[in-house]
Amino acid sequence: MPYIFGALGVLVISRSSDRFKERRCHVGGTLVLGAVALASTSFLSYRCCSGDVLLCIAAFFQFFGGGSLFWSIPPDLP
């Protein structure tokens with residue numbers, strides 16, 4: 001399930017960064033949101049559904065969405 005959300009994250013976040021032509025803010029924001037979602041999983045009291053939701057959010061923002069967008073920044077540098 002997180003891989004489906006991760007694939008959607010790659011498409012949505014990369015399309016948004018291309019439209020606004022602002023990759024650094026998209027990378028920074030998505031990585032912070034993903035880190036918050038991933039850190040929040042440690043505060044759960046072993047509830048299956050809420051942990052899965054937070055892992056899907058982390059996959060959407062951090063693992064796939066912002067992580068793949070990060071590698072498009074170095075070629076743009078002078």
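**Entry 1: the chain as a whole**

I began with burial and noted that buried residues account for 26% of the 78 residues in the chain. I record here that the model is a predicted one. I then looked up the secondary structure and found three helices and zero strands. Followed along the sequence, the pattern reads α-α-α. For the overall dimensions, I took the box filled by the C-alpha atoms along the principal axes, which is roughly 50 × 20 × 15 Å. I also looked up how contacts are spread along the sequence. Of those between residues at least 6 apart, 71% join residues at least 24 apart.

**Entry 2: helix α1**

I turned to α1, which covers residues 2–20 and so has 19 residues. From its first C-alpha to its last I read 26 Å, close to the 27 Å expected at 1.5 Å a residue. Which residues of α1 are buried? I listed G6, G9, I13, S16 and S17. These residues lie on the same side of α1, because they cover an arc of only 105 degrees around the axis. On the other side of α1, I found I4, L11, R15 and R19 exposed.

**Entry 3: K21**

I next examined K21, which is placed in the loop between α1 and α2. Its phi is near 55 degrees, a positive value in a residue other than glycine. Is K21 buried or exposed? I noted a relative accessibility of 73%, so K21 counts as exposed; the cut-off for that class is over 50%.

**Entry 4: helix α2**

I checked the length of α2 in the same manner. Its 18 residues should span 26 Å at 1.5 Å a residue, and the end C-alpha atoms are indeed 26 Å apart. The buried residues in α2 are H26, V27, T30, G34 and A37. They line one face of the helix, because they fall within an arc of 105 degrees when seen down the axis of α2. On the face turned away from this buried side, I recorded R24, C25 and V32 as exposed.

**Entry 5: where α1 and α2 meet**

How do the axes of α1 and α2 cross, and at what angle? I found that they come within 8 Å and cross at roughly 145 degrees. I noted the crossing as right-handed. From α1, the residues in contact are I13, S16, S17, D18 and F20, and they meet R23, H26 and T30 of α2. I compared this list with my burial notes: I13, S16 and S17 are among the buried residues of α1, and H26 and T30 are among those of α2.

**Entry 6: aromatic pairs**

I searched the whole structure for aromatic pairs and obtained three. One of them is formed by F60 and F61, whose ring centres are 4.9 Å apart; their planes stand at 85 degrees, so I entered the pair as edge-to-face. I then looked up the accessibility of both residues. F60, at 18% relative accessibility, counts as buried, whereas F61, at 22%, counts as partly exposed. The two fall in separate classes because the cut-off for buried is under 20%.

**Entry 7: S72**

Lastly, I located S72 in the segment after α3 (48–70). With a relative accessibility of 21%, S72 counts as partly exposed. How far apart are the C-alpha atoms of S72 and S14? I read a separation of 9.7 Å for these two residues, which are 58 residues apart along the chain.

Key: Residues are numbered from 1 along each chain as its sequence is written. This is a predicted model: local features need pLDDT of at least 70, side-chain atom pairs count only at pLDDT 80 or more; totals for chains, interfaces and linings use all residues. Side-chain values use heavy atoms; hydrogens and water are left out. Helices (H or I, at least four residues) and strands (E, at least two) are DSSP runs, numbered from the N terminus. The expected span of a helix is 1.5 Å times one less than its number of residues. Buried means under 20% relative accessible area, exposed over 50%, partly exposed in between (1.4 Å probe, protein chains only). The arc is that of the directions from the helix axis to the C-beta atoms. Rings of Phe, Tyr and Trp (its six-membered ring) pair if their centres lie within 6.5 Å; planes under 30 degrees apart count as stacked, over 60 as edge-to-face and the rest as tilted. Axes are lines fitted to C-alpha atoms, for helices over the stretch in contact, and angles run from 0 to 180 degrees between N-to-C directions. A crossing is left-handed if the near helix is turned anticlockwise from the far one by less than a right angle, and right-handed if clockwise. Contact means heavy atoms within 4.5 Å.
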